[in-house]
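Reader: Could you walk me through how this one is packed? I'd like to start on the inside and work outwards.

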Amino acid sequence: MSKMNENNERKGLLMHTMEGGVWLGIFLIVRFFCSVMSVYSSLLNMIAMLLFIATPFVLYKLMLSCHRKIGSISSFSLLLMMGFMLFFFGSIISAIPEYVFYEYINPDYITDALTRSMELIEQMDLIQDEVAMQEMKELLATESLFTPFQMVMSSMWSNLFFGLLLSIIVAPFVLRTKK
């Protein structure tokens, strides 16, 4: 038995999902930056959309890679846990650049995005209640809506939830794939 195969057999699910989480984290970072910069470029907007659509396929490839390396995952629940852990570690990795972006690179991004959203809501006349509209404008004026930390935590939770849902969908396909 080669040294590499021995190392793969000794590594467990946790180590393989940590390694896969690094790659998923890099993918999430690229997706995040394309998304936030899509305000300035329609090409980046298209790339962000394509990366969002590609997320299930990236998850499939990472889960399949871990599944093949470990070789002993034959249950849906373990694959579900693997997908969740991939997104957990990927979210932790992507949280750092997201926080740096919100706090240091573009601290006005959150306020600007909410201002643009308010303008769009007003133009489309989506909210008929004037009191609710006024309250939203006052909150925006005080800039006490979201801190960079809250935005990052929200992103992490949404990634985990999205990853869990995707894992439910992707896990059966990984199980059916031959080694």
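Reader: Which residues have the most contacts inside the largest nonpolar core?

Author: Bear in mind that this is a predicted model. The core counts buried nonpolar residues joined through side-chain atoms within 4.5 Å, and the largest such set has 21 residues. Those with the most contacts inside it are Leu24, Leu59, Met63, Met82 and Leu86.

Reader: And which element gives the largest share of this core?

Author: Four helices give two or more residues to it: α2 (13-37), α3 (42-70), α4 (76-105) and α7 (148-176). The largest share is seven residues, and the helix behind it is α3.

Reader: What does Leu59 touch, leaving out residues up to four places away in sequence?

Author: Take contact as heavy atoms within 4.5 Å. Leu59 then reaches Gly83, Leu86 and Phe87, and the rest of its list is Gly163, Leu166, Ser167 and Val170.

Reader: How many residues are in the other core?

Author: That core lies apart from the 21-residue one. Val36, Ala95, Tyr102 and Val152 are among its members, and its total is nine residues.

Reader: Zooming out, what share of contacts with a separation of 6 or more comes from residues 24 or more positions apart?

Author: The elements run α-α-α-α-α-α-α from the N terminus, with seven helices and zero strands. For the contacts you ask about, the share is 77%.

Reader: Last one: how much of the accessible surface belongs to carbon and sulfur atoms?

Author: Buried residues make up 34% of the 179 in the protein. The accessible surface comes to about 11,000 Å², and the carbon and sulfur part of that is 68%.

Notes. Residues numbered from 1 in each chain as written. Predicted model: local features only at pLDDT ≥ 70, side-chain atom pairs only at ≥ 80, totals over all residues. Heavy atoms only, no water. Buried < 20%, exposed > 50% of the residue type's maximum accessible area, 1.4 Å probe, protein only. Areas by Shrake-Rupley, 256 points an atom, 1.4 Å probe, with all protein chains shown as cover.
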